[in-house]
Amino acid sequence: MAKPVSIEVWNPNGKYRVISTKPMPGTRWINLLIEQDCRVEICTEKKTILSVEDIISLIGNKCDGVIGQLTEDWGETLFAALSRAGGKAFSNMAVGYNNVDVNAANKYGVAVGNTPGVLTETTAELAASLSLAAARRIVEADEFMRAGLYDGWLPHLFVGNLLKGQTVGVIGAGRIGSAYARMMVEGFKMNLIYYDLYQSTRLEKFVTAYGEFLKSNGEQPVHWKRASSMDEVLRQADVISLHPVLDKTTYHLINKESLATMKKEAILVNCSRGPVIDEVALVEHLKQNPMFRVGLDVFEDEPFMKPGLAEMKNAVIVPHIASASKWTREGMATLAALNVLGKIKGYPIWGDSNRVEPFLNESVRPPAACPSIVNAKALGLPVSKL
């Protein structure tokens, strides 16, 4: 039997029992659940990652829905436990759901929610921040100052890369990849080369229009190119940001061979999924090429890093904080809660999971719909006409 875990309870007499496996930012998500007669139980256990046994203890004998985190293993065991407790709703507080066995959820009739539409700009901003930090060696310079090593200006002290006029490469030009590309093109006047299975017409039009604006003002215009292969991006770009989905075709997309294709002073950024990069090969490449730099928000075996990565001065590493702006994290909590609440109340599914502004407007009541259920079609759930 799993041992009890510590919880904080809101609205103890509520009709519906909803569990959150972690405290989440803001209070709006709690209030929205309470207003609809939910008893909200928030796990306050001092553990970064809850075990399956911990979550089973939280679910107990009666549970209508669970809000979970991408660090948790939501498979057959947990969905069976949730189903036995009468639960029909689970939502990740994340856009990704690689931690979820959707087939198992389908088997037990549990709706699986996620939180797209609210992370685009903030994730792109972090990718841009890592690009700039790596290019200008900001972390190295900061550590140098804090160590009391600065005793005067020197011509070669922390010389980095100028971004203006260079080429930014984007692999995966979806919402986040395109937002990042726009930031780098407009912010630093970089040219763009991108690779995606689908043409990004809006992005191409943006770069074309910005290039014409620069030219009309007597400046060097920027240009774009849609690459015919990923290798073309790797060969030509000075800064490369990865934004693919993670599946069997993108596992170790960046490996020893593809790293060797890149320029010796290139910058590689990953805010997508850790296993897209072969981290062992990356560490070796960083050792052999000290002017090559990398900015990482995600890791292959998170929360762990492969041996040697932490010692690399040419690596900027942060702990999976791409979505960590106040507005975004509070929005993610709200969307996750509304996914669970919507299924409990029998609401239909919102028609466009990337247009979630109506759910985030605090001045009005959110629509009577589930913002995003990834297995809605498999479960035969109706789509909202709102």
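Here are legends for a few close-up views of this predicted model.

**View 1. Here we look at two cysteines that stay unpaired.** The structure has 0 disulfides. For C43, the nearest cysteine sulfur belongs to C63 and sits 13 Å away. C43 counts as buried, because its relative accessibility is just 2%. Now hop over to C370: its closest cysteine sulfur is in C38, 12 Å off, so that's too far for a bond. C370 is buried too, with a relative accessible area of 0%.

**View 2. This one zooms in on a cis peptide bond between E302 and P303.** Omega is about 15° here. That's worth a second look, because most peptide bonds are trans. P303 lies in the loop that runs between β12 (293-296) and β13 (315-317).

**View 3. Meet R137, a residue with a positive phi.** Its phi is near 55°, and R137 isn't a glycine. Most residues other than glycine have a negative phi. You'll find R137 in the loop between α5 (120-135) and α6 (138-146). With a relative accessible area of 18%, R137 is buried.

**View 4. H320 also has a positive phi.** The value is near 55°, again in a residue other than glycine. H320 sits in the loop between β13 and α12 (326-345). At 25% relative accessible area, H320 is partly exposed.

**View 5. Here's the stretch from 130 to 322, which an unreviewed UniProt entry annotates as "domain: D-isomer specific 2-hydroxyacid dehydrogenase NAD-binding".** Its end C-alpha atoms lie 10 Å apart. The span is 35% helix and 15% strand.

Note on methods:
Residues numbered from 1 in each chain as written. Predicted model: local features only at pLDDT ≥ 70, side-chain atom pairs only at ≥ 80, totals over all residues. Heavy atoms only, no water. Disulfide = S-S within 2.5 Å. Buried < 20%, exposed > 50% of the residue type's maximum accessible area, 1.4 Å probe, protein only. UniProt positions renumbered as here; feature names shortened; annotations may be inferred. Helix = DSSP H or I, 4+ residues; strand = E, 2+ residues; numbered from the N terminus.
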